[in-house]
Amino acid sequence: MESRHGERDVLWGLVLVTAGALLLLGSLDIVVFPWHVLTGPVVLGIPGLIFAQVFLGNRDQWWAIIPSGVLLTLASIAFIDGLLPRLDTGWLFFLGLAITFGLVWRETGHAQQWARVVAVICLGFAGLTLFGSLLRFLIPLALLGAGIYLLAGRGRIQ
């Protein structure tokens, strides 16, 4: 049991030393980095990793998958939004929830049937949201294609 806590201390020690060193180098203007890209992911990701560690430390604590999955999903979305602000990431939220509840269902030996239902519903919402975000491109392209077809076809008929 002591080795597990020792490994965890080493892991978190490395995370804290790395974060502290990067922040110090940024404050000294040695490293120039868009820190706003990392603020949200770090604030959301660290608690997500802590909940993941709770589950990994004791597999009977399956409930920790849910806050871990939600927080890590939000951290990923915040990171992607920071790097690619024009990208529509709404569907990623539902995909992350689907994966989270799918893991709850799988890791409990299929005992939590409700988690499978939630995972399937969230996967459906992810598909619908992705399709909806693609519609803003598909409709104008379809109109352009139909217009070009009519213009090109009109010259051939006469």
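A residue counts as buried when its relative accessible area is under 20%, and that cut-off will be handy in the close-ups below.

**View 1. Threonine 89, in the loop between α3 and α4.** This is a predicted model, and we start at T89. With a relative accessibility of 8%, T89 falls under the 20% limit and therefore counts as buried. Setting aside neighbours within four places in sequence, T89 has I77, I80 and D81 as its contacts.

**View 2. Helices α3 and α4 side by side.** Here we look at α3, residues 65-83, together with α4. Their axes come within 9 Å and cross at roughly 155 degrees. An angle over 145 degrees counts as roughly antiparallel, so α3 is roughly antiparallel to α4. The crossing of the pair is right-handed.

**View 3. The residues that join α3 to α4.** From α3, the contact is made by I65, I66, G69, V70, T73, L74, I77 and I80. Helix α4 brings L92, F93, G96, L97, T100, F101, L103, V104 and E107. Sorted by class, this contact has 12 nonpolar, 4 polar and 1 charged residues. Two of the α3 residues, I77 and I80, may look familiar, as T89 is in contact with them too.

**View 4. Threonine 100, a residue of helix α4.** Is T100 buried or exposed? At 3% relative accessibility, T100 counts as buried, because the value is under 20%. Which residues does T100 contact, leaving aside its neighbours within four places in sequence? They are I65, I66, G69, V70 and T73, and these names also appear in the α3 list of the helix contact. Do take a look at V118 as well: T100 and V118 are 18 residues apart in sequence, and their C-alpha atoms are 9.6 Å apart in space.

**View 5. Confidence along the protein chain.** The chain averages a pLDDT of 87, and 91% of the residues score at least 70. Confidence is highest in helix α4 (residues 90-107), with a mean of 96. It is lowest in helix α1 (residues 2-27), where the mean is 77. As a friendly reminder, predicted coordinates should not be read in detail where pLDDT is low.

Methods: Residues are numbered from 1 along each chain as its sequence is written. This is a predicted model: local features need pLDDT of at least 70, side-chain atom pairs count only at pLDDT 80 or more; totals for chains, interfaces and linings use all residues. Side-chain values use heavy atoms; hydrogens and water are left out. pLDDT is the predictor's confidence in each residue, from 0 to 100. Helices (H or I, at least four residues) and strands (E, at least two) are DSSP runs, numbered from the N terminus. Axes are lines fitted to C-alpha atoms, for helices over the stretch in contact, and angles run from 0 to 180 degrees between N-to-C directions. Angles under 35 degrees count as roughly parallel, over 145 as roughly antiparallel, 65 to 115 as roughly perpendicular and the rest as oblique. A crossing is left-handed if the near helix is turned anticlockwise from the far one by less than a right angle, and right-handed if clockwise. Contact means heavy atoms within 4.5 Å. Ala, Val, Leu, Ile, Met, Phe, Trp, Tyr, Cys and Pro count as nonpolar, Asp, Glu, Lys and Arg as charged, and the others, Gly among them, as polar. Buried means under 20% relative accessible area, exposed over 50%, partly exposed in between (1.4 Å probe, protein chains only).
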